[in-house]
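Colleague: Let's go through this model together. I will ask for the reasons behind each label.

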Amino acid sequence: MDYYKNFNLLRERVNYEDAHIEAGDDLIIRNFSFTSENGFILPGENSYLCHQHQCHSDDSNSYVSCNGTSGSILDIHDADIAENKRFRYHVMAPAGTTVVKDFILLIHGFNEKTWNKYLPWAKTLVEQTGKCVVLFPIAFHMNRAPLVWSDRREMHGLSESRKAGYPDIVACTFSNVAISARLQQKPQRFFWSGLQTYYDVIQLLSEIKNGSHPFIARDARFDLFAYSIGGLLAQILIITDHQGYFSGSKLCLFCGGNVFNRFSPVSKFILDSEANVALYSYIIEHLENHLKKDERLRHYLSELHPEGMNFKAMLNYNQHRGERESSFRKISDRTLAIALEKDLVAPPYEVINTLMGIKRDIPIEVVVEDFDYPYIHENPFPIREEMAIPVNAAFDRIFSRVSRFFNECALP
């Protein structure tokens, strides 16, 4: 079955409601519920406690409305969004699987609302590696956001209002208006949602390792496949290596791997220009000044939290380079990156600059591919009948390479 047929079949069959889905003769999908224990760090609470260090703080940078975007449907405290706290996630497995012994954690990109484009990726990985694939959503993405934020009619109205408020705005669309307005309003959300997702992944792995997962064995080994900005999360996970969880895991990065300030995210599918300016200003140009005023964020990005320190090291190419490159050198023998020649969001030279280091002496394999059809970062494998043959060929080439990487002898 080819890529197009897989895409259409899986898009029709996959849902969050059914506990067990037959997705062809050789594939099953099981859905599991997850309740995040980590929403306590999100904006919107009156006071905060870091349980690990017993540090109390308030949210001194509390709340303002979404500038240039009317409508209370976006003006919701992060801590109050129920969908982000309790949600379902997919596990794709070979038919007949009763207990998962080996899996790949698939981490998606920025501003994603459905798993549709990833489903044939996951199916191919299952078929070619024999491993299961866990599709776990980033905070406030996929089914972790209110449905209205994906409502085309509602979001079109908000994007028009936003354009009126910012006449020079670029790439403002119904697709990105929700995330753009909320990040412009409070750029700290990038940190808090990223940290919540980090802690949620650790929570999931801890539940597996203590034997409480109903489908995945406590001693199951796992690898990471991450796309786009998902690579940032995957890199933070693997170099932090909480309690040695990731010591034997491989990492495959697709269209990602570069530090935050070497992404170019202004796109009708990702962020508009106003959000990008606000995010860049906060995270890259003025972060240290903001941290002087924000005790809580300063705490979570300090040496008391290695995950926060590694998060910080992945922001700016010109800062923390020594620590970052040292971390990459340690995982170089179990990391593969695949970049695309015409990728404008995560350009291949930026992926190389980050992963191989300023002296190009970090032995991480970075493969640069190109395709014989028009593609973009956000859609490397377009669903268009007239392009079916070259798209199928490109998809097979990429995922055969990824599968070979995961099939190589597992690390101890």
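**Labels and their reasons**

Modeller: Keep in mind that the model is predicted. Start with Ala 79, which sits in the loop between strand S4 (55–58) and helix H2 (82–85).

Colleague: Why is Ala 79 called buried?

Modeller: Its relative accessible area is 1%. The label applies under 20%. Ala 79 therefore counts as buried.

Colleague: What is Ala 79 in contact with, leaving aside neighbours within four places in sequence?

Modeller: Leu 42, Pro 43, Gly 44, Glu 45 and Lys 85. Contact here requires heavy atoms within 4.5 Å. There is also a C-alpha separation of 6.3 Å between Ala 79 and Gly 39, which are 40 residues apart along the chain.

Colleague: Now Asp 78. What makes its pairing with Arg 182 a salt bridge?

Modeller: The closest N and O atoms are 2.7 Å apart. The cut-off is within 4 Å, from a side-chain nitrogen of Lys or Arg to a carboxyl oxygen of Asp or Glu. The pair qualifies.

Colleague: Where do the two partners lie?

Modeller: In distant parts of the chain, 104 residues apart. Asp 78 is in the loop between S4 and H2, while Arg 182 belongs to helix H5 (residues 177–185).

Colleague: Which other residue forms a salt bridge with Asp 78?

Modeller: Arg 189, with closest N and O atoms 2.8 Å apart. This pair also links distant parts of the chain: Arg 189 is in helix H6 (residues 189–209), 111 residues from Asp 78.

Colleague: Are these three residues buried or exposed?

Modeller: Buried. Asp 78 has 2% relative accessibility. Arg 182 comes out at 4%, and Arg 189 at 4%. The threshold is under 20%, so each of them earns the label.

Colleague: How do you know that Lys 312 and Glu 288 form a salt bridge?

Modeller: Their closest N and O atoms are 3.1 Å apart, and the limit is 4 Å. The pair joins helix H11 (residues 306–313), which holds Lys 312, to helix H9 (residues 287–293), which holds Glu 288. They are 24 residues apart.

Colleague: Why do Lys 312 and Glu 288 get separate burial labels?

Modeller: Lys 312 has a relative accessible area of 14%, so it is buried. Glu 288 has 41%. Partly exposed lies between 20% and 50%, so Glu 288 is partly exposed.

Colleague: How many salt bridges are found in the whole structure?

Modeller: The search finds 17.

Colleague: What makes S3 and S4 a pair of strands?

Modeller: Pairing needs at least two bridges. Strand S3 (residues 47–50) and S4 have four, in the antiparallel sense. One of the bridge partnerships is Ser 47 with Asp 58 in S4.

Colleague: Which residue takes a positive phi in that hairpin?

Modeller: Gln 54, near 55°. The hairpin has four residues between the strands.

Colleague: Last one. Why is Ser 228 called buried?

Modeller: Its relative accessible area is 5%, and the cut-off is under 20%. Hence Ser 228 counts as buried. Ser 228 lies in the loop between strand S8 (216–227) and helix H7 (230–240). Not counting residues up to four places away in sequence, Ser 228 touches Gly 109, Phe 254, Cys 255, Gly 256, Phe 263 and His 377.

Definitions and conventions: Residues are numbered from 1 along each chain as its sequence is written. This is a predicted model: local features need pLDDT of at least 70, side-chain atom pairs count only at pLDDT 80 or more; totals for chains, interfaces and linings use all residues. Side-chain values use heavy atoms; hydrogens and water are left out. Helices (H or I, at least four residues) and strands (E, at least two) are DSSP runs, numbered from the N terminus. Buried means under 20% relative accessible area, exposed over 50%, partly exposed in between (1.4 Å probe, protein chains only).
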